[in-house]
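Please open the model in your viewer and keep the sequence panel beside it, since each stop on this tour begins with something to select.

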Amino acid sequence: MPTTANIQDVKKELEQLFRSTKSPQELMKDIVELLHERMLKYNWVGFYLLETEANGQPPMLALGAFRGAMTPHTRIPLNQGICGAAAASGETVVVDDVAQDPRYLACSLETKSEIVAPVFVHGKVVGELDIDSHFPAAFHNEDRQLVEYCATMVGQCWEQSQS
Ligand code: SME
């Protein structure tokens with residue numbers, strides 16, 4: 001498992017990214033690269049962004065920046081998947097064994113556990129950070145804090161870009 005010290009190092013690198021970043025899009029791209037490279041059990045790392053409602057169609061999550069194998073789930077309705085659950089509830093969802101969760105939309109046969117943390121802008125969910133692991137129960141409290149920290153940074157960067 002990644003150690004706490006390791007996570008603290010990654011947090012410092014994230015802070016540097018945040019300070020030097022130009023746009024939320026650039027920050028999201030840098031975050032998925034960093035987490036995928038440095039956190040050995042984070043085997044798929046990606047953002048989904050909430051599409052704005054159009055023509056009365058239900059809102060969908062659309063795949064944004066990601067690292068890992070291409071997923072068949074490029075657009076996910078809010079009533080489907082772990083991703084839909086996190087965006088609809090505005091709560092981080094951690095699944096230790098995806099095979100036991102009926103909401104789970106399979107992306108890779110190797111995936112065993114998953115975490116999804118919503119991104120908020122001015123209190124509203126605008127997207128989420130989704131991470132899959134090939135290891136069961138890979139996401140502990142310190143991982144949850146790290147993933148939520150990343151989601152918060154993206155929300156803050158997004159708000160700053162609008163001001
Ligand atoms: N497993 C997700 C779908 C997205 S892939 O993991 C990249 C879900 O259940 O919503």
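Two rings of Phe, Tyr or Trp, the six-membered ring being used for Trp, are called a pair here if their centres lie within 6.5 Å. By that rule, a search of the whole of this predicted model finds three aromatic pairs.

Select Tyr42 and Phe139 to begin with. The centres of their rings are 5.4 Å apart and the planes meet at 50°, so the pair is described as tilted, a word kept for angles that are neither under 30 degrees nor over 60. Tyr42 belongs to the loop between helix H2 (24-38) and S1, whereas Phe139 belongs to the loop between S6 and helix H4 (141-162), so that the contact links distant parts of the chain, 97 residues apart. Because buried means under 20% relative accessible area, Tyr42 with 1% is buried, and Phe139 with 5% counts as buried too. If you keep Phe139 selected and add Glu159, 20 residues further along the chain, you will find their C-alpha atoms separated by 28 Å.

Next, colour Trp44, Tyr48 and Phe66, which together form one aromatic cluster.

Two further rings are worth showing with the lysine that accompanies each of them. The charged end of Lys41 sits over the ring of Phe135, at 4.7 Å from the ring centre, and the charged end of Lys11 sits over the ring of Tyr149, at 5.1 Å from the ring centre.

Now switch on a surface or cavity display and look into the interior. Where is the space that the protein encloses, and which residues line the largest cavity? The structure holds one cavity of 30 Å³ or more, and about 120 Å³ of space lies in the largest cavity. Its lining is made of 14 residues, and those closest to the centre are Ile76, Cys83, Leu105, Glu114 and Asp130. Strand S1 (44-50), helix H3 (81-89) and strand S6 (124-133) each supply at least two residues of this lining, and H3 gives the most, with three. Sorted by class, the lining has eight nonpolar, three polar and three charged residues.

The next stop concerns the backbone, and here a general expectation helps: most residues other than glycine have a negative phi. Select His122, which has a positive phi of about 50° although it is not a glycine. His122 is placed in the loop between strand S5 (113-121) and S6, and its relative accessible area of 56% makes it exposed. Then select Ala137, another residue other than glycine with a positive phi, near 45°. Ala137 lies in the loop between S6 and H4, the loop that also holds Phe139, and with a relative accessible area of 32% Ala137 is partly exposed.

Finally, clear the selections and show the whole chain as a cartoon. Four helices and six strands make up its secondary structure, and, read along the sequence, they follow the pattern α-α-β-β-β-α-β-β-β-α. Taken along the principal axes, the C-alpha atoms fill a box of roughly 45 × 45 × 25 Å. The radius of gyration is 15 Å, which agrees with the value near 15 Å that a compact globule of 163 residues would have. Of those 163 residues, 45% count as buried, and Tyr42, where the tour began, is one that is buried.

Note on methods. Residues are numbered from 1 along each chain as its sequence is written. This is a predicted model: local features need pLDDT of at least 70, side-chain atom pairs count only at pLDDT 80 or more; totals for chains, interfaces and linings use all residues. Side-chain values use heavy atoms; hydrogens and water are left out. On a 1 Å grid over the protein atoms alone, a cavity is a set of points where a 1.4 Å probe fits but cannot get out, and a pocket is an open set with protein on both sides within 12 Å along at least five of seven lines; lining residues have an atom within 4 Å of a point. Grid points are joined across faces, edges and corners, and a volume is the space filled by probe spheres set on the points. Ala, Val, Leu, Ile, Met, Phe, Trp, Tyr, Cys and Pro count as nonpolar, Asp, Glu, Lys and Arg as charged, and the others, Gly among them, as polar. Buried means under 20% relative accessible area, exposed over 50%, partly exposed in between (1.4 Å probe, protein chains only). A charge sits over a ring if NZ of Lys or CZ of Arg is within 6 Å of the ring centre and within 35 degrees of the ring normal. The radius of gyration is taken over C-alpha atoms; the globule rule is 2.2 Å times the number of residues to the power 0.38.
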